[in-house]
Amino acid sequence: MLMPKPDQGVIDRRAEIIAAMRAIVPGEGVIADDAMLKAFECDGLMAYRQLPLIVVLPETTAQVSEILKYCHDNGVKIVPRGAGTGLSGGALPLADAITLGLSKFNRVLDIDYANRCAVVQPGVTNLGVTKAVEGDGFYYAPDPSSQIACSIGGNIAENSGGVHCLKYGLTTNNVLGVEMVLMDGTVLRLGGKHLDPGGYDLLGVLTGSEGLLGVITEVTVRILKKPETARAVLLGFNSSEEGGDCVAAIINAGIIPGGIEMMDKPAIHATEEFVHAGYPMDVEALLIVELDGPKVEVDYLIERVGEIATGQGAIYSRISESEEERAAFWSGRKNAFPAVGRISPDYLCMDGTIPRKKLGLVLQRMTEMSDKYGLRVANVFHAGDGNLHPLIMFDANQPGELDRAEEFGADILKLCVEVGGVLSGEHGIGVEKRDLMGEMFTEDDLKQQQRVKCAFDPDHHLNPGKVYPTLHRCAELGRMHISRGQVPFPDIPRF
Amino acid sequence: MTEILKPDTADQVLDAVKWAVSEATPLDVRGTGSKAGFGRPVQAGRVLDLSNLAGITDYDPGELVLTAGPATPMTEIEQALAETNQELAFEPMDMSVLYGTDAGAGTLGGVIAANLSGPRRIKTGAARDHFLGFQAVSGRGEVFKSGGKVMKNVTGFDLSKLMAGSFGTLAVMTQVSVKVLPRPEKTRTILLMGADDTHAVAALCDALGSSHEVAGAAHLPASVAARSAVGYVSGAGTSVTAVRVEGPGPSVEHRCNSLRDLFAPFGAVEELHSHNSAAFWREVRDAAPFTGDWQDHQVWRVSVSPTAGPTVGQHLRARLGGEVYYDWGGGLIWFALDARSDAGAADIRRVIRDCGGHATLVRAAADVRQAAPVFQPQPGPLADLSKRVKEAFDPEGILNPGRMTAGV
Ligand SMILES: Cc1cc2nc3c(=O)[nH]c(=O)nc-3n(C[C@H](O)[C@H](O)[C@H](O)COP(=O)(O)OP(=O)(O)OC[C@H]3O[C@@H](n4cnc5c(N)ncnc54)[C@H](O)[C@@H]3O)c2cc1C
Ligand SMILES: Cc1cc2nc3c(=O)[nH]c(=O)nc-3n(C[C@H](O)[C@H](O)[C@H](O)COP(=O)(O)OP(=O)(O)OC[C@H]3O[C@@H](n4cnc5c(N)ncnc54)[C@H](O)[C@@H]3O)c2cc1C
């Protein structure tokens, strides 16, 4: 992975930069010791590592503002970092950049049940938000599998999702407002406790911008009352295609479940051997469908889902009869990653979205690729919204296997785009998929996105080298060629 | 006379914008012009009429995604969706009701460009939340796209969000994709009669803070309720507070019973069945109480946190007279006042200054909208950033200049 060439001038000024940072963040908030920096050398994408120039852990918005202003004025780059659980290398350090960790922003500031929202600092974990309100029967809906560790600021930067997305939306649909700091130190508020602020939806474009537009220092999220009850049903099929068709049939019947997840045979076997969830071992595809809401609704809909599944050729069906059983159904899915980790020395977790009707084709092509590359693949899948997570198994100690796995992964993502899907459903582009952006976007598409970057951070100081394969200078992106009366337009009717 | 450019294809849109750039001639970008009364009057010598870019190009109910030309009439979209028992869950308001123009004249592109929504906003979001992707021509005369035709996507910046609510000032959309959802099987509305503002707030907070998935919450003072076309509402002779529940039959029944119990301590309770319920929420959605005899009044849409609603409503009336009603769950106050030259803008914005919301002038004569800031003025640094975003798409100011902000 080619990263921007480090600026030796900045590296040479390290001592001076450390001193400036210590003046802003006193005490242990500035980390310059190599052994301690090592803890920050990568995020969840561990194939890429780089020691940061230094790490700074501010505690207040005023400090963040001063840090960014200093960096802006002195040509120093910044890599924002939440909990470092990102899977696309978004928080990968740069040798000439400060890693700005938000972990000390860990307080819940305000819980407002009457307006059904909570104001928290960005370093609070996703689960921490729910923990703060669950005593009163509320929760925060987006639930990435990493929710115990990942930060809410990181969730906004990645527009994270989870099994609840189909019914309750992604992060972007559940954030009401933020306080953020621009690279020049300007502190801004976008949104608040009210809905749909007037003007351009800058909060909307900040969400999912992977730390390229600003540093988030405070967050207002929607909270929801917990549904009265939830029940899940396991449905087994002879093929993944049938499973996919069953998902469409459920939706066509007007039912939007709280979650619909699918696993293919390799994933079922890996997880069953690991957690003994009680999954059937003789099916090719397993669906977990969860209904949530009032008990009467859940009881009614789960029967209907069962009937629909039978009509779609389900060869296995089991409805949870207790909370323990429901938890057991989910334990397999939730442990799919570690389960695959047990049967293979290493694996790559891919993330792409496809139109669901292309599932059969995509899985078949993946099997062919698996043969071609000589590597196994297991599939767990947010079936409701077409978000695939193929797990490519390899052994990094075997020469060439990592490269083959990466090529295999790239082929899968290209296939997602080819069938009308996208490169990432929830993990983001980061450095991992940066060089594949051209598969989906034209040069003009990418330039237009980068012009938005220029409106926020004209000198490319925030998280450079991520998301976009080429760094265009803003001046060059701004140029327009205008020649008067260039085109005549005889064919456009005028009235 | 204003010249009208009427392209038939996305390529022709590109040609038209390129030409406008080269001639330095701003364009007034239109679907069918049904929302010409929303926003500041555009200063442009030429109209770019997109009405030929219409038609649904791709719709598969099982995928929950619909792709169409931007000028596809909402009536056509709604009909196609109804055939498969689906809908646009964000319940976009029909602005022609407020403007007294031809009903159902709106287009899908217009709905997105104005980021419209209805009372289901609290539960399901606004247009922005359902807008998955688009193709467009920027004010630079370049074709670009963003987003996609799938439900989950974090691939590059989410420019769809910027387009939603940008009123055609950033780029001309030539194709749009939206998320659609199944229609609820059943709808019921529980009414609380005669509650004063304080009790209404308490009742609505209880309902919205419950697990009953309320999909609409409104409060109509007596004078506003009296103008409803729904007998149960207009006949009440008092204020009406309403919550809506939707879903499968048995679930709706169960939740209605719980909500009736919850409302009982606050006063008399009634129920609206499907037809009445639909009519009532359409009125709330479209600001219908401020049409007919009220057509000559100026109308504001004020957005504050829901609990700030009643205080703000009271202050608005005390200062400026007029009438309010609350699309409560969305923290929305609809406010109508006697026409005046500044539409009361300064006073209204003073009222909401301390509670962190915003006010938008949605109906007033063109000269008033020209003079008074229609959208909430932004603090300096935010206004600067918005201006830089505009320039990133349309540096020459070719597209709908002045529609959102004077001089931008
Ligand atoms: C086992 C496992 C399971 C996972 N499951 C899911 C899943 O189900 N769904 C899902 O969506 N993701 C999942 N992830 C990915 C990851 O947890 C999410 O992307 C998460 O949102 C990252 O949050 P973080 O705080 O760790 O961010 P980091 O990794 O620290 O940073 C991620 C990006 O956000 C930026 N950033 C972080 N904080 C801020 C801030 N305050 N201001 C501005 N930019 C900031 C960084 O620069 C970086 O680009 C999983 C990861 C793991 C390891
Ligand atoms: C004893 C009694 C008490 C009633 N109490 C109330 C009450 O408290 N509140 C109230 O709102 N109504 C009341 N009604 C009228 C009630 O709305 C009608 O009976 C209605 O048809 C019931 O519809 P539903 O919601 O049960 O049927 P649904 O199954 O939801 O609707 C059936 C179909 O009829 C259509 N439809 C429903 N009502 C009408 C209508 N009025 N005009 C045209 N099409 C319609 C629906 O759109 C749908 O297509 C009462 C009627 C009776 C006989």
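Which strand of chain B does Thr67(B) lie in? Thr67(B) belongs to β5, which covers residues 65–68 of chain B. This is a predicted model, and Thr67(B) is a good place to start looking around it.

**Three residues of chain B**

With a relative accessible area of 0%, Thr67(B) is buried, because buried here means under 20%. Its contacts, leaving out residues up to four places away in sequence, are Ile56(B), Thr57(B), Asp58(B), Lys149(B), Gln175(B), Val176(B) and Ser177(B). With one of these, Ser177(B), the side chain of Thr67(B) makes a polar contact of 2.8 Å. Val224(B) is another matter: 157 residues along the chain separate Thr67(B) from Val224(B), and their C-alpha atoms are 39 Å apart.

Ile398(B) sits in the segment after α16 (380–393) of chain B. Its partner in sequence terms is a remote one: Pro26(B) is 372 residues away along the chain, yet the two C-alpha atoms are separated by 4.1 Å. Pro26(B) is also among the residues that Ile398(B) touches, and the list includes Ala20(B), Val21(B), Ala24(B), Thr25(B), Leu27(B) and Gly139(B) as well, not counting residues up to four places away in sequence.

For His212(B), look in the loop between α8 (197–208) and β12 (217–220) of chain B. Which residue of chain A does His212(B) touch? That residue is Glu228(A). Within chain B, His212(B) touches Val245(B), Arg255(B), Ser258(B) and Leu259(B), again leaving out residues up to four places away in sequence.

Here are the accessibilities of these residues side by side.

| Residue | Relative accessibility | Class |
|---|---|---|
| Thr67(B) | 0% | buried |
| Ile398(B) | 2% | buried |
| His212(B) | 8% | buried |

**Where the chains meet**

The contact of His212(B) with Glu228(A) leads on to the interface. Chain A brings 104 residues to the contact and chain B brings 92 residues. About 8,000 Å² is buried between the two chains, and carbon and sulfur atoms give 58% of that area.

How many salt bridges are found across the interface of chain A and chain B? There are 8. One pairing to find on screen is Lys145(B) with Asp445(A), a salt bridge whose closest N and O atoms are 2.6 Å apart. Polar contacts between chain A and chain B number 33 residue pairs, with both residues at pLDDT 80 or more.

On the side of chain A that touches chain B, the elements giving two or more residues include β9 (187–191), α9 (240–252), α11 (295–311) and α17 (443–456). Of the elements, α17(A) gives the most to this side, with 9 residues. Sorted by type, the residues on this side of chain A are 46 nonpolar, 32 polar and 26 charged.

**Chain A as a whole**

Stepping back, chain A holds 18 helices and 19 strands. Its radius of gyration is 24 Å, close to the 23 Å that the globule rule gives for 495 residues, so chain A is as compact as a globular protein of that length. The C-alpha trace of chain A spans about 70 × 65 × 60 Å along its principal axes.

Of the 495 residues in chain A, 60% count as buried. Sequence separation is worth a look too: taking contacts in chain A between residues at least 6 apart in sequence, 72% join residues at least 24 apart.

Terms used: Residues are numbered from 1 along each chain as its sequence is written. Chains are lettered from A and ligands numbered from 1 in the order in which they are written. Side-chain values use heavy atoms; hydrogens and water are left out. Contact means heavy atoms within 4.5 Å. Buried area is the accessible area (1.4 Å probe) that two parts lose on being put together, summed over both. A salt bridge is a side-chain nitrogen of Lys or Arg within 4 Å of a carboxyl oxygen of Asp or Glu. A polar contact is a pair of N or O atoms within 3.5 Å; within protein, one must be able to donate a hydrogen and the other to accept it, and residues adjacent in sequence count only if both atoms are side-chain atoms. Helices (H or I, at least four residues) and strands (E, at least two) are DSSP runs, numbered from the N terminus. Ala, Val, Leu, Ile, Met, Phe, Trp, Tyr, Cys and Pro count as nonpolar, Asp, Glu, Lys and Arg as charged, and the others, Gly among them, as polar. The radius of gyration is taken over C-alpha atoms; the globule rule is 2.2 Å times the number of residues to the power 0.38. Buried means under 20% relative accessible area, exposed over 50%, partly exposed in between (1.4 Å probe, protein chains only).
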